[in-house]
Amino acid sequence: MFQSIGEILILLWCTLRTAPKIVHQRRKILEQLFEIGNASLLMACILSMFIGGVLALQSGPVLAERGLSTYIGGLVGLSVCKELAPVMMAIFIAGRIGSAMSAEIGSMRAYQEIDALRTMNIDPIQYLVLPRLVAISVALPLLVVFSILVGWFGGGLVSMSNQKIGVPFQAYFGHLRELVQVHDVANGIIKSFFFAVVIGIVSCHQGLQTIGGPRGIGRSVTKAVVNSIVLILILDYFLTRLLLYFNI
Amino acid sequence: MTVSTDPKHGVRVTASGLKKSFERVQVLKGIDLDIAAGEIFVIMGPSGSGKSVLLRQIIGLDTPDEGEIQIEGKPVRLGTIMNRIRLAIVFQSGALLNSLTVGENVGLYLSEHRLKTPPEIDRIVGEKLDLVGLRGIELRHPGELSGGERKRVAIARALAIDPQLILYDEPTSELDPIMAVTIAEEILKLKHRMGLTSIVVSHDRDLAFGVADRIAIMHAGSILCTGTPNEIRDSKDPIVQRFLTVELKREGERVL
């Protein structure tokens, strides 16, 4: 495990060292951004809508019983933007995009495409890892902003339509606006950026470590997704503590 | 066989005392080679004899445990050799990048290193594909090509580098006999036209004896003998004779 962490950190360092050549890779970054957005937007929308909805459904009646139903907007608003949207989107992207990244790079390694790049004096880190890391680091925070908005809307919809809660849309968003500050949204966006780096670097690392044929690729994909999710949840705790320390 | 007398484009490759092990299994057991500039040197041997491992050492994709490879008198080290010498390898699978079109694959070296403008790259790509008889397929993807076409595109990609040294890993494997002859003709044509040094790893006897200036026979990680095709054919070494006879029988069965 410690060896893997060390290798991942080295890969991250090597990728950051190639960052000055980012302009050369702009076409590939745009392709990756399109890939991530195109593959994830609809699913992210559905996922976020139901996350906001189920949160309102679970907490709304409890608050209503105690005469606190108007607080539902703030509760859903804060939970979604500070925790649920970044973590759930990161897990979703680890499964959807991280797996695709490790599978693609893994198959390139298994079928000697990476060796071919090396013989052409093309750095695989600059050519394969850098564009993916940049694209996911841009795309995930954007997806999280989108997810926050849809999650809030989902919560509002359930709060309005569920008879046990019965909070109108206006009251729901009124309290949400009152409680949720810009820095709360920034909290979620900052977290998602770090989660994106974790997903990107872990997935590319697993892809580059692939040994053997289809079985090896499958093993790399599983490892990439599982390791990303575990690291996201561990990192979430420490990032939350750090951001609380800085009052973000 | 006509041997090119213009070796100025090719490079000399030497290996001394190469040893390589994978998990206690010694794959290369002290290989010595001296390949002249402009020569077509074929390394033959049964599967598992260490041919492909040797090829990876020569190009610097792997480092030997012991011994040294030199190209033009300078040691090969991963990542630095490509800065000094233009070399290319045609992998057994072709190793074309599936996410790119054929044209992008062939022009990849030029575009990534920004050596030419896009119109110049298009022109060079067209020329190189023309050399391997595949002009007009620039916009197709590798997945749409046959095994033989993929190999020829891989050769075109190697040529776009304008290499001084080109290595072929089993260039005729998985190809029908007609396509195998086409590939052999390509190898010869390139040598005569450009005078580059070619190292071919193969267990295809027809290819080896058809194109080689010299042949080395590998067995269990060692080189049994090196010589011209005639010298190899006349070798008294029982392992060499057995290998050549078995290959001949296999080819006979394949034709039948």
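**A tour of the chain A and chain B interface and the cores**

Begin with both chains displayed: between them, chain A and chain B bury about 1800 Å², and 55% of this area lies on carbon and sulfur atoms. The model is a predicted one.

Next, select T119(A), M120(A) and N121(A). These residues supply 35% of the area that chain A buries against chain B, more than any other three residues. To see the whole contact, extend the selection to 18 residues from chain A and 25 residues from chain B.

**Polar features of the interface**

Select K28(A) and E112(B) and display their side chains. The two residues form a salt bridge, with the closest N and O atoms 3.3 Å apart. Across the interface of chain A and chain B, three salt bridges are found in total. Six residue pairs across this interface are in polar contact, with both residues of each pair at pLDDT 80 or more.

Now colour the helices of chain A. On the side of chain A that touches chain B, at least two residues come from each of α2 (26–65), α3 (72–110) and α4 (113–119). The largest share, six residues, is supplied by α4(A). Colouring by residue class shows seven nonpolar, five polar and six charged residues on this side of chain A.

**The nonpolar cores**

Hide the interface selection and turn to the largest nonpolar core, which has 110 residues. Select I93(A), L140(A), V42(B), M44(B), V153(B) and I215(B), the members that touch the most other members of this core. Helix α3(A) gives the most to the core, with 15 residues.

From this set, centre the view on V42(B). Residues up to four places away in sequence aside, V42(B) touches V200(B), A208(B), V211(B), A212(B), R214(B), I215(B) and A216(B). A second core, separate from the one just visited, has 32 residues, among them L33(B), V76(B), L167(B) and M218(B).

**A last stop in chain A**

Finally, select S59(A), which is located in helix α2 of chain A. Is S59(A) buried or exposed? S59(A) counts as buried because its relative accessibility is 14%, and the cut-off for buried is under 20%. To view its surroundings, add I72(A) and L75(A) to the selection: S59(A) is in contact with both, leaving aside neighbours within four places in sequence.

Terms used: Residues numbered from 1 in each chain as written. Chains lettered and ligands numbered in written order. Predicted model: local features only at pLDDT ≥ 70, side-chain atom pairs only at ≥ 80, totals over all residues. Heavy atoms only, no water. Contact = heavy atoms within 4.5 Å. Buried area = accessible area lost by both parts, 1.4 Å probe. Salt bridge = Lys/Arg side-chain N within 4 Å of Asp/Glu carboxyl O. Polar contact = N/O pair within 3.5 Å; in protein donor to acceptor, adjacent residues only side chain to side chain. Helix = DSSP H or I, 4+ residues; strand = E, 2+ residues; numbered from the N terminus. Nonpolar A, V, L, I, M, F, W, Y, C, P; charged D, E, K, R; others polar. Core = buried A, V, L, I, M, F, W, Y, C linked by side-chain atoms within 4.5 Å. Buried < 20%, exposed > 50% of the residue type's maximum accessible area, 1.4 Å probe, protein only.
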